[in-house]
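Trainee: Before we begin, could you take me through the helix packing and a couple of loop positions, one step at a time?
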Amino acid sequence: MRSKVTVIGAGNVGANTAQKIAQKELADVILVDVVEGVPQGKALDMLESAPVEGYDVCLVGTNSYEETSNSDVVVITAGFPRKPGMSRDDLLLANYEVVKSATQQAVKHSPNAILILVTNPLDAMCWTAMKTSGFPRERVIGMAGVLDTARFRTFIAEQLEVSFENVTAMVLGGHGDTMVPLVRFTNVSGIPLSELTTQDVIDRMVQRTRDGGAEIVKYLKTGSAYYAPAASTVEMVESILKDKKKVLPCAVHLTGEYGINGLFVGVPVKLGKSGVEKIYEIKLDSAEAAALRKSADAVQELVSVLEKKVA
Ligand code: APR
């Protein structure tokens, strides 16, 4: 029997995620959105590329959740983009409502699903989904680290003129300005980055990684990144559905690991058929630990806003 994945939000990230899942024949896909016609139209359009591309999966677009029942994985990309004049907290509260309602409806029909959150602000939306679903932490996972790491790897490969594939990197922390690219754990085919270029160049690539989302927004003006976010989400979906047990940086609910309690923060985890199968607690030096703490504090700030508003 084929696996089933629901993608909530048929916008740029959601539609690209659905398409990549179909192209890789990972699962049947149900695409859900509140806007009438959009998920139906996009799913049908994708399905009509199946004869050309040669994939055999079902792709259904819908405005309701009935068709999503018994999904193995539910990806939540639904949300509002930040509009001019909107404060960070306004966006936080608007997307809180979207993610809460999407989670409620999705888990009602798929009580055993693994949730992957993509909507921003990511770490706070993971908190929202976990609180709403009541799921164990193994089944609520945020996509951020894979994307941030992919950006860092891209900049390194371009700078050193080596294959993208050869670059392994690690970016921990929250998905925002305070993310923590770990240079000590970054290498090209095992050769530490510090042996391949100067500190000055490394610092510039680290900063560009932190600003990676903003760099794309600056070009697009009316939207944010979606090709790399969708690809990163699909890597997580694939590791779960195929039980590949990839070790990837993901936002997970920490309960004391790294000295952080009750918050979603990006750390290396093993992803398999049960969701998060292991959280790796690596030994950080004092500067790295301080940067991770600072990043967790930024996540806490957003969660505190939510806790106050929804109390
Ligand atoms: N239920 C389902 N879909 C919804 C809901 C809801 N309650 N509210 C909004 N949506 C849909 C919108 O109709 C839209 O189609 O979510 C979709 C969002 O798509 P885009 O605006 O294209 O945004 P996108 O670029 O896909 O980003 C989605 O992912 O990377 C993050 O920061 C990004 O939070 C944003 C999310």
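Mentor: Gladly, and a definition comes first: axes are lines fitted to C-alpha atoms, for helices over the stretch in contact, and angles run from 0 to 180 degrees between N-to-C directions. Please keep in mind that this is a predicted model.

Trainee: At what angle do helix 6 and helix 7 pack?
Mentor: Helix 7 covers residues 199-210, and its axis lies 9 Å from that of helix 6. Helix 6 passes helix 7 in a right-handed crossing. The contact involves, among others, F152, F155 and I156 of helix 6 and V201, M205 and V206 of helix 7. The two helices pack at an angle of about 145°.

Trainee: How many charged residues does the contact of helix 6 with helix 7 have?
Mentor: Among the residues making this contact are D148, R151 and E158 of helix 6, together with R208 of helix 7. Sorted by class, the contact of helix 6 with helix 7 has 6 nonpolar and 2 polar residues, and the number of charged residues is 4.

Trainee: Is helix 1 parallel or oblique to helix 9?
Mentor: The axes of helix 1 (residues 12-23) and helix 9 (residues 227-241) come within 8 Å and cross at roughly 45°. Angles under 35 degrees count as roughly parallel, and 65 to 115 as roughly perpendicular. The crossing angle therefore makes helix 1, relative to helix 9, oblique.

Trainee: Which residues of helix 1 meet helix 9?
Mentor: Helix 1 passes helix 9 in a right-handed crossing. On the helix 9 side, the residues met are Y227, P229, A230, A231, T233, V234 and V237. By class, this contact has 8 nonpolar, 3 polar and 1 charged residues. From helix 1, the residues taking part are V13, N16, T17, K20 and I21.

Trainee: Is T68 buried or exposed?
Mentor: T68 sits in the loop between strand 3 (59-62) and strand 4 (73-76). Leaving aside residues up to four places away in sequence, T68 touches K4, T6, I30, V32, H109 and S110. A polar atom of the T68 side chain also lies 2.5 Å from the backbone oxygen of Y65. The relative accessibility of T68 is 1%, and because buried means under 20%, T68 counts as buried.

Trainee: What is the relative accessible area of N166?
Mentor: N166 belongs to the loop between helix 6 (145-160) and strand 7 (167-168). Not counting residues up to four places away in sequence, N166 touches N187, V188 and S189. N166 is partly exposed, and its relative accessible area is 33%.

How values were computed
Residues numbered from 1 in each chain as written. Predicted model: local features only at pLDDT ≥ 70, side-chain atom pairs only at ≥ 80, totals over all residues. Heavy atoms only, no water. Helix = DSSP H or I, 4+ residues; strand = E, 2+ residues; numbered from the N terminus. Parallel < 35°, antiparallel > 145°, perpendicular 65-115°, else oblique. Left-handed = near helix turned anticlockwise from the far one by under 90°. Contact = heavy atoms within 4.5 Å. Nonpolar A, V, L, I, M, F, W, Y, C, P; charged D, E, K, R; others polar. Buried < 20%, exposed > 50% of the residue type's maximum accessible area, 1.4 Å probe, protein only. Polar contact = N/O pair within 3.5 Å; in protein donor to acceptor, adjacent residues only side chain to side chain.
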